[in-house]
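Open the model in your viewer and keep the selection tool at hand. The tour goes stop by stop: select, look, move on.

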Amino acid sequence: MDFQWRLRQPDNPDLVQQLSAQLNDIPLPLARALVLRGIDSYEKARHFFRPSSADILDPFLMKDMDKAVDRVVRAIQGGERVMVYGDYDVDGTTATALMTAFLRRRGVDVSYFVPHRVDHGYGLSAAGIDVARERRASLIIALDCGITAFEEAAYTKSLGIDLIICDHHTVKNEVPEAVAVLDPKRPDCSYPFDELSGCGIGFKLAQATSATLGEAEEEVRGFLDLVAVSIASDIVPIDGENRVLMREGLHKLHTNPSTGFRALARHAGADLSTCSTSQILFALGPRINAAGRLGDAGRAVDLMLAEDDRDADRLAAILEKTNDRRKAIDRETVDDAVLKAEALFARQDVNGIVLHEAEWHPGVIGIVASRLVERFVRPTILLTTVNGVAKGSARSIHGINIYEAIRTCEDLVEDFGGHNYAAGLSIRTERIAEFSERFNAAVGELASADSFIPSINYDSTLALDEVDRRFLALLTQFEPYGPSNRNPVFRSSDLQVVGRPRSVGRDDSHLKFSVRQDSGRPLDVIGFGLVDRLDAVMHSRESGEPLEMLFNVEERVWKGTRAVQLKAKDVRLQT
């Protein structure tokens, strides 16, 4: 695929020089990357480079937090039975584990319930609430779900069970009736940061409850590894309070990981001592998700609650096998979905892709939708049939709010929920054709002239000789990376290929070579999935024509030796 390269533009270019001077003449490419992230003053830079636990916000700023805490404290002190009700993805299972462990450690008779993707579907359900009644729970704490569960909240109340909703998804015009509804996206909520993960909302409730009980702040800090895994996996913006929670959580993973995460990392081949956002996203998260995608998400919760090494290892091994099976199903479904999408493009103009196949596994359609978004650069909804109703996962591209696109077709769907880039929905099969047509039109209205052109945005040009020890030390402080704070992308030209380029990796899909600029030192380059650029790199080497490249700058540590590596995003012959 050929990409357009687009230089990101700061609102006020003059701030780049000013900020560089204020920060002791940091390299201009890094100053530009900061300004593009809204870091345009010394004070903002100080907070960005030195986030601390002191920057974690007061949980009582959140609407209904006082009501939620009063009810939880009453349950703790009154010896009540509580059921934690979660969701089957990483955010939901980490939230479930966090709240269950928090209550257990305070002597509460607590159990948890995570719905089965096929049997119960997403979110609060009457069947799940009936489980709370059977367990004689007087309080349900719903995490990462519930903000659209109006009927279910009413049913819970009719059974005499209290309900606290902790959610982070987009709120409709009103909220369900419950003892408390914690969601910073509520229009009437003045909490300063509205992009917390579902697990993050659970952490805020634990934080507020712990403070009310007079406990030291450290009592809840031990749960931040769970919060970090949820933030990375749910792809929420890593700025504001999330940046602080992520850094604190990564520190916990680096220095004192839980028994469950240690076992999970061993089976995944991940090194927790250097764990990053991307390692969570590609190593830990998929294995946790696999449990809920293909079976019982409770196994993931049990792993995260495990305190015994042998028990944790047994559960991690199960998740590893489940993830292997999930990957095989992924590959088959991707192949089928790509063929269907290509046929759709052959028939009509496509703004948004909607595909339905009754036999697709409901546990993988979200992943496959993401693959189609990458391939076709279109918002995508994949639907399968569950108990006679089409259930779907939606994924979007930058600049198009897929939740809003679905909302224009709200009269056709049975239920839906989500946020800008991801959503879920259910729809009767006979309505899919009309929904597809209207969704396609709605995306067309939201799209700009270049929405569907594959592109890579970059932060700044960079001369390779600028990459010195100070540059690397400053760049390291940009981490952790994620939405709203991506790893800076740089552009360099006049690159000469050194040595022999080659394909690498299990399937030879990656590209490895070295480059130098002018007479500078050679730097190694790795291009994941860029083997199709090998011919251009080989031509450059043989003809002497220069290359230009978009890349991240990284530092590898191998057997105690540090070395700079450029991670290519795209490579082409210089024009």
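**Stop 1: an enclosed helix**

Select Ile235, which comes right after helix H10 and has a positive phi, near 55°. Keep in mind that this is a predicted model.

Now step back into helix H10, residues 224-234. Is this helix enclosed or open? With 11 of its 11 residues buried, H10 is largely enclosed by the rest of the structure. Colour some of the buried residues: they include Leu224, Leu226, Val227, Val229 and Ile231. The charged-type names are there too, with Asp225 and Asp234 among the buried residues of H10.

Next, pick Thr277 in helix H13, residues 277-294. Its relative accessible area is 10%, so Thr277 counts as buried. Show what surrounds it. Leaving aside residues up to four places away in sequence, Thr277 touches Ala232, Ile238, Met246, Pro480 and Tyr481. Ala232 is a residue you have just met, one of the buried residues of H10.

**Stop 2: the five-stranded sheet**

Select strands S7 to S11. They make an open sheet of 5 strands in the order S7-S8-S9-S11-S10, and the pairing is mixed. Which strands are at the edges? Strand S7 (353-356) and strand S10 (415-418), each of which pairs on one side only. From one strand to the next, the twist averages 15°.

Zoom in on strand S9 (residues 389-395) and strand S11 (residues 422-427). These two run antiparallel and are joined by 6 bridges. For a landmark, find Lys391, which stands opposite Ser426 in S11.

Add the helices. Helix H15 (residues 309-347) packs on the sheet, where it touches S7 and strand S8 (380-386). The direction of H15 makes about 125° with that of S7. Helix H18 (residues 432-446) lies across S7, S8, S9 and S11. H18 runs at about 165° to S7.

**Stop 3: aromatic rings**

Show the side chains of Phe, Tyr and Trp. How many aromatic pairs does the structure hold? There are 10.

Start with Tyr403 and Phe416. Their ring centres are 5.1 Å apart and their planes meet at 40°, so this pair is tilted. Tyr403 belongs to helix H17 (residues 402-407) and Phe416 to strand S10, so the pair ties together parts 13 residues apart in sequence. Tyr403 and Phe416 are both buried.

Go on to Phe490 and Phe551. This aromatic pair is tilted as well, at 6.4 Å centre to centre and 45° between the planes. Phe490 sits in strand S14 (residues 490-504) and Phe551 in strand S17 (residues 547-558), so look for distant parts of the chain, 61 residues apart. Phe490 counts as buried at 0% relative accessibility. Phe551 is buried too, with a relative accessible area of 0%.

Then select Phe48, Phe49 and Phe478, a cluster linked by ring pairs. Add Arg243: its charged end sits over the ring of Phe48, 3.8 Å from the ring centre. For another charge over a ring, select Arg572 and Trp5. Here the charged end of Arg572 is 3.6 Å from the centre of the Trp5 ring.

**Stop 4: salt bridges**

Switch to the charged side chains. The whole structure contains 41 salt bridges.

Take Asp450 and Arg6, whose side chains meet in a salt bridge at 3.3 Å, N to O. Asp450 is in the loop between H18 and strand S12 (455-458), while Arg6 is in strand S1 (residues 4-7), so the pair ties together parts 444 residues apart in sequence. Asp450 is partly exposed, with a relative accessible area of 33%. Arg6 is partly exposed at 23%.

Next come Arg71 and Glu80. Are they buried or exposed? Both are buried, and their side chains meet in a salt bridge at 2.7 Å, N to O.

Now find Glu195 and Lys185, a salt bridge with its closest N and O atoms 3.7 Å apart. Both residues lie in the loop between strand S6 (180-182) and helix H8 (198-212), so the pair ties together parts 10 residues apart in sequence. Glu195 is partly exposed, with a relative accessible area of 26%.

End at Asp64, Lys67, Arg186 and Asp188. Salt bridges link these residues in a network.

Conventions
Residues numbered from 1 in each chain as written. Predicted model: local features only at pLDDT ≥ 70, side-chain atom pairs only at ≥ 80, totals over all residues. Heavy atoms only, no water. Pairing = 2+ DSSP bridges. Helix = DSSP H or I, 4+ residues; strand = E, 2+ residues; numbered from the N terminus. Axes fitted to C-alpha atoms, helices over the stretch in contact; angles between N-to-C directions. Contact = heavy atoms within 4.5 Å. Phe/Tyr/Trp six-rings, centres within 6.5 Å; stacked < 30°, edge-to-face > 60°. Buried < 20%, exposed > 50% of the residue type's maximum accessible area, 1.4 Å probe, protein only. Lys NZ or Arg CZ within 6 Å of the ring centre and 35° of its normal. Salt bridge = Lys/Arg side-chain N within 4 Å of Asp/Glu carboxyl O.
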